[in-house]
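Thank you all for coming. I would like to take a few minutes to walk through one structure, so please have a look at it on the screen before I begin.

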Amino acid sequence: MNNWLNILLYVQIALSGICMYRIIRGPTIPDRMVGADIFGILVVGVCAIISIQTEKSFILDIGIAWIILSFIGTLTLQNISRVKN
């Protein structure tokens, strides 16, 4: 099972890199917002996998804090895009 978790972890990290590319190079603000949302979800997945591998539950708290901050960031970007238009 540990090999599968390692494979899943590497896939999550690779997908996070693709999301970072979309956040940096996104032509519009909505593209960047979607990339940031998906990146937050992938980070929570990475935290869950690491938590299972190490058997430490506090890592899930880090993932929960990350998703809350990601949600606040999404709301902020939506408000910024409304002000510009």
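In what kind of crossing, left-handed or right-handed, does H1 pass H2? The crossing of H1 with H2 is left-handed, and I should say at once that this is a predicted model, so everything I describe today is computed from that prediction.

Let me stay with this pair of helices for a moment. Two packed helices are described by the angle between their axes and the distance between the axes. Here, helix H1 covers residues 2-25 and helix H2 covers residues 29-54, and they pack at an angle of about 160° with their axes 9 Å apart. Because angles over 145 degrees count as roughly antiparallel, that angle makes H1 roughly antiparallel to H2. If we ask what sort of residues form the contact of H1 with H2, they divide into 17 nonpolar, seven polar and four charged.

Now let me place this pair in the whole protein. The protein has three helices and zero strands, and from the N terminus on its elements run α-α-α. Its C-alpha atoms fill a box of roughly 50 × 25 × 10 Å, taken along the principal axes, and of its 85 residues, 26% are buried.

Turning to H2 in particular, this helix has 26 residues and reaches 37 Å from its first C-alpha to its last, which is close to the 38 Å expected at 1.5 Å a residue. The buried residues of H2 include Met33, Phe39, Leu42, Val43, Val46 and Ile49, and also the glycines Gly35, Gly40 and Gly45. Just after H2 comes Glu55, which takes a positive phi of about 60°.

Cys47 is another of the buried residues of H2, and it brings me to my last topic, the cysteines. A disulfide is a covalent bond between the sulfur atoms of two cysteines. How many disulfides does a search of the whole structure find? The search finds zero. To see why, consider Cys19, whose closest cysteine sulfur is the one in Cys47, at 15 Å, which is too far for a bond. Looking from the other side, the sulfur of Cys47 has Cys19 as its closest cysteine partner, again at 15 Å and too far for a bond. Both cysteines are buried, with a relative accessible area of 10% for Cys19 and a relative accessibility of 11% for Cys47.

That is where I will stop, and I am happy to take questions.

Technical notes. Residues numbered from 1 in each chain as written. Predicted model: local features only at pLDDT ≥ 70, side-chain atom pairs only at ≥ 80, totals over all residues. Heavy atoms only, no water. Axes fitted to C-alpha atoms, helices over the stretch in contact; angles between N-to-C directions. Helix = DSSP H or I, 4+ residues; strand = E, 2+ residues; numbered from the N terminus. Parallel < 35°, antiparallel > 145°, perpendicular 65-115°, else oblique. Left-handed = near helix turned anticlockwise from the far one by under 90°. Nonpolar A, V, L, I, M, F, W, Y, C, P; charged D, E, K, R; others polar. Expected span 1.5 Å × (residues − 1). Buried < 20%, exposed > 50% of the residue type's maximum accessible area, 1.4 Å probe, protein only. Disulfide = S-S within 2.5 Å.
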